[in-house]
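Here is a briefing on one structure, written for a quick read. It covers pockets, symmetry and one sheet.

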Number of protein chains: 2
Amino acid sequence: MPNIYVALVHYPVVNKTGDIIASAVTNLDLHDISRAARTYGVKGFYVATRLIDQIELTKRIVKHWTSGAGADYNPSRSSALELIRIKKSLEDVVSHIGEQESVWPKTIATCARKFDTAISYEKMRAMISNGKPHLLLFGTAWGLAEETIRQADYILEPVTGHTAYNHLSVRSAASIILDRLVGR
Amino acid sequence: MPNIYVALVHYPVVNKTGDIIASAVTNLDLHDISRAARTYGVKGFYVATRLIDQIELTKRIVKHWTSGAGADYNPSRSSALELIRIKKSLEDVVSHIGEQESVWPKTIATCARKFDTAISYEKMRAMISNGKPHLLLFGTAWGLAEETIRQADYILEPVTGHTAYNHLSVRSAASIILDRLVGR
């Protein structure tokens, strides 16, 4: 089993014009990414947001599906959303994993743009297989802030298909990247 | 380029208890799957629903993003949602592709359950490379009706990760399956 964590970052991310913003939490991000995380054996799915109302919203959604009416209605959804941990910043996410693992996780930034230092899926898959904790970072809105990407230990190459089109949803990108890095 | 089409089926699909139902259209299914389809060079993304109000809703969403205010706001979203074709039944989808291609497409059913006759991704990827039209079928709600699966030309093996958990969203499953079958 890979020792992998996922963080969905809501700050700092960029908007359409490149300004740094704090984005809103999207309900289906929580569902889709937690279900993919559960499928691929991810140890924790962190939702990073510093907005108080968004923290409360996320708590309410998670509670509904893990201990509320949703848990009875759909137990498989419950076992996915149980992976969600809410933290106020990426630093708090890294600290939390560090405490659990007794070693800091290596961070892996994802981005639709290609960086010169980007690492291939094949290489990253091999690196992850060392059993040490790795944290995959996904940006909401128009993606992670450039500074956050550059501060990560590694940058993953973008997901590309047969075309030059590179506008996957974060839900699709996270699913494909987990399949490529830690799929069978 | 692969000669591939995608259909998102809203009838006949099953609900939680296995009854055959017509499901409602989910806005983010249209966005996420059309963006993945566009990324992987899919030639058409068919939304199959026989419910009049759902047909109207789908038309309105597509119109907003392809010729309405959404098209100006986000041109890349427009070029994805342009792939959407709305049909009343799976038979209409197959006919429409048949007319365009002058040959019936081979249909490939997807399902979270494993069938004895299921084909591996590696084998299906090789089969698709023959350049003939293939139509991938995705079920909404709790998945395609068993009869629809059995009537398809091929059944694809389920997407599995490191765990026994097999409850991906249709958005995640479609993204991963396109990446596995027609990714670079």
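The points below take the two pockets in turn, then the relation between the chains, then a sheet in chain B.

This is a predicted model. Its largest pocket has a volume of about 1100 Å³. The second largest pocket holds about 960 Å³. Chain B can be laid on chain A with an RMSD of 0.0 Å.

**Largest pocket**
- The lining counts 44 residues.
- Nearest the centre lie Ala141(A), Trp142(A), Gly143(A), Leu168(A) and Arg35(B).
- Chain A supplies at least two lining residues from each of strand E7 (134-139), helix H7 (146-151) and helix H8 (170-182).
- From chain B, helix H1 (27-39) and helix H4 (75-81) each supply at least two residues as well.
- By class, the lining splits into 21 nonpolar, 15 polar and 8 charged residues.

**Second largest pocket**
- Space in the second largest pocket comes to about 960 Å³, and 39 residues line it.
- Closest to its centre are Arg35(A), Ala141(B), Trp142(B), Gly143(B) and Leu168(B).
- Helix H1 (27-39) and helix H4 (75-81) of chain A each give two or more residues to this lining.
- Strand E7 (134-139), helix H7 (146-151) and helix H8 (170-182) of chain B do so too.
- H8(B) provides the largest share of the lining, 4 residues.
- The classes are 20 nonpolar, 12 polar and 7 charged.

**Relation between the chains**
- What turn lays chain B on chain A? A turn of 180° does, with a shift of 0.0 Å along the axis.
- That is why the relation is one of a two-fold axis.
- Both copies use the same surface: 100% of the contact residues of chain B recur in chain A.

**Sheet in chain B**
- Chain B has an open sheet of 6 strands in the order E5-E4-E1-E7-E6-E8. The pairing is parallel.
- Strand E5 (84-87) and strand E8 (154-155) of chain B are the edges, each pairing on one side only.
- Strand E4 (residues 44-48) of chain B is joined to E5(B) by 4 bridges, and the two run parallel.
- Tyr46(B) has Arg85(B) in E5(B) as its bridge partner.
- H1(B) lies across strand E1 (4-9), E4 and E5 of chain B. The helix runs at about 160° to E4(B).
- Helix H1 of chain B thus has two places in this briefing: it lies across the sheet strands named above, and it supplies at least two residues of the lining of the largest pocket.

Conventions:
Residues numbered from 1 in each chain as written. Chains lettered and ligands numbered in written order. Predicted model: local features only at pLDDT ≥ 70, side-chain atom pairs only at ≥ 80, totals over all residues. Heavy atoms only, no water. 1 Å grid on protein atoms, 1.4 Å probe; cavity = no way out; pocket = protein on both sides within 12 Å on 5 of 7 lines; lining within 4 Å. Points joined across faces, edges and corners; volume = space filled by probe spheres on them. Nonpolar A, V, L, I, M, F, W, Y, C, P; charged D, E, K, R; others polar. Least-squares fit on C-alpha atoms with pLDDT ≥ 70 in both. Contact = heavy atoms within 4.5 Å. Pairing = 2+ DSSP bridges. Axes fitted to C-alpha atoms, helices over the stretch in contact; angles between N-to-C directions.
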